[in-house]
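Biologist: Hi! Could you pull up the model so we can talk through a few spots?

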Amino acid sequence: MLRSRPKHGPRGGAKIAAQVRATTRRGMRGEPFFGWRVVAAVFTLAVFGWGLGFYGPPIMLHAVHEARGWSLSLVSTAITVHFLLGALFVASLARLAARFGMANLTRAGAIAAAIGVLGWASATAPWQLMLASVATAFGWAMMGAAAVNALITPWFVTKRPAALASAYNGASVGGIVFSPLLVWLIAQLGLQAAMLAVGVVTVAVMWWASGHYFARSPAQMGLAADGEPGAVRADAPPRVETAAPLRDGALWKDTRFLLLVTGMSLGLFAQVGVIAHMFSLLVPALGPQMAGFAAGGATIAAITGRTLSGLVLSARGDRATFAAMSYGVQMAGLALLLMAGGTYVPLLLAGVLLFGLGIGNAISLPPLIAQARFTAADAARVVPMIVAVSQATYAFAPAAFGMIRDSASSGSAPALYATAMALMAAAIVCLLAIPRATISD
């Protein structure tokens, strides 16, 4: 479990004591559990994290290509570097959080993201673009999926599926907001001024959220997880776990980890590959404007699917089975896209919406599976690692699916959709094969 380090010393102790007294008074007045305020703050973090780290690079690719005249392959390489280095940083998140605390990492990530996007906008040589990608990679890692899980986990156990689903919805909102916003700002202010403005706002918002929400923990505020009555006691009974701990910390020798990381990587590889090419595949039948609306509809469907999963999935429900069902829904959507033949609009739209329902779950459900299949100590390391490996894998998905389209005949869509369905089927097999374990929180 990743937590910000508590402040020590007389002043820190007095501050924590004051927080406990204030929290007790608020609890007596029936005010909402502070953890849900943390969820709202993490939602905001996800908006900025995905807005700049996931949805921003495609916008930057076009803007830098137009401004500098560099080849698309060169700028695309910088994006691949961004995702690959981001995966390396994510893999170190648990160790960094234990040393510096999540609040400090969030602030550092926001600063790095701001420096990075300004570096993209200001680069006058390719090596400068690659250097800027190092900064954006660190920012993306500190405000991405693993960070969301690390910030939410201390506050929720029973209600964790709903809390994570709510927080991860910020990722989809980041795409809805940032993609058109960045385009508009670049057109109005110019590339450098636009990135400077976005960077300043990102740092300001994340700095404030880190101090007010991420620097606190339930234990410091005298709260129990999920807002249950009573404070956390030093003599509270330990968490009962029947899941086998990792032997000697060997992740790569554990069957549970291998199946989970493989399933998540295969599913996200298929998903990102389809998303990267979906717009261009829909344009011939729908036209650019309607294709854009359809892609937006997929994002809205992602929010809907993730929210429903958080409400329906109980703390004791089998999360791996639920994740497999989510991929099954996406496969049904891909099947409709295949049946549409690239021309029948009703099937195309239905396929896009069904596919979209599972987009958010591919990111939010694997951490919940880790919680149910591993001990708390092991899950704190498993989650950043599965996110890192899957991110390093899907970094190559747009190019791989592009090669499939290039090598296929004029009807390239069927080959792409069929490949994605095969990968998702393999992901389902991996998820359902994860050995079950019972953890009593």
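Modeller: Sure. Helices here are DSSP runs of H or I with at least four residues, and strands are runs of E with at least two, numbered from the N terminus. This is a predicted model, so local features need pLDDT of at least 70 and side-chain atom pairs 80 or more, while totals for chains, interfaces and linings use all residues. Residues count from 1 along each chain as its sequence is written, and side-chain values use heavy atoms, without hydrogens or water.

Biologist: Great. Which helix holds Ile-176?

Modeller: Ile-176 sits in helix H9.

Biologist: How exposed is Ile-176 there?

Modeller: Ile-176 is partly exposed, because its relative accessible area is 40% (buried is under 20%, exposed over 50%, partly exposed in between, with a 1.4 Å probe and protein chains only).

Biologist: And Ser-172, buried or exposed?

Modeller: Ser-172, also found in helix H9, has 4% relative accessibility, so it counts as buried.

Biologist: What does Ser-172 contact, beyond neighbours within four places in sequence?

Modeller: Tyr-55, Thr-299, Ala-302, Ile-303 and Arg-306, with contact meaning heavy atoms within 4.5 Å. The side chains of Ser-172 and Arg-306 also share a polar contact of 3.4 Å (N or O atoms within 3.5 Å; within protein, a possible donor and acceptor, with sequence-adjacent residues counting only if both atoms are side-chain atoms).

Biologist: Switching topic: why call H14 largely enclosed?

Modeller: Because 13 of its 13 residues are buried, the rest of the structure largely encloses H14.

Biologist: How do the ends of H14 compare with its expected span?

Modeller: They agree: H14, residues 361–373, should span 18 Å, and its end C-alpha atoms are 18 Å apart. The expected span is 1.5 Å times one less than the number of residues.
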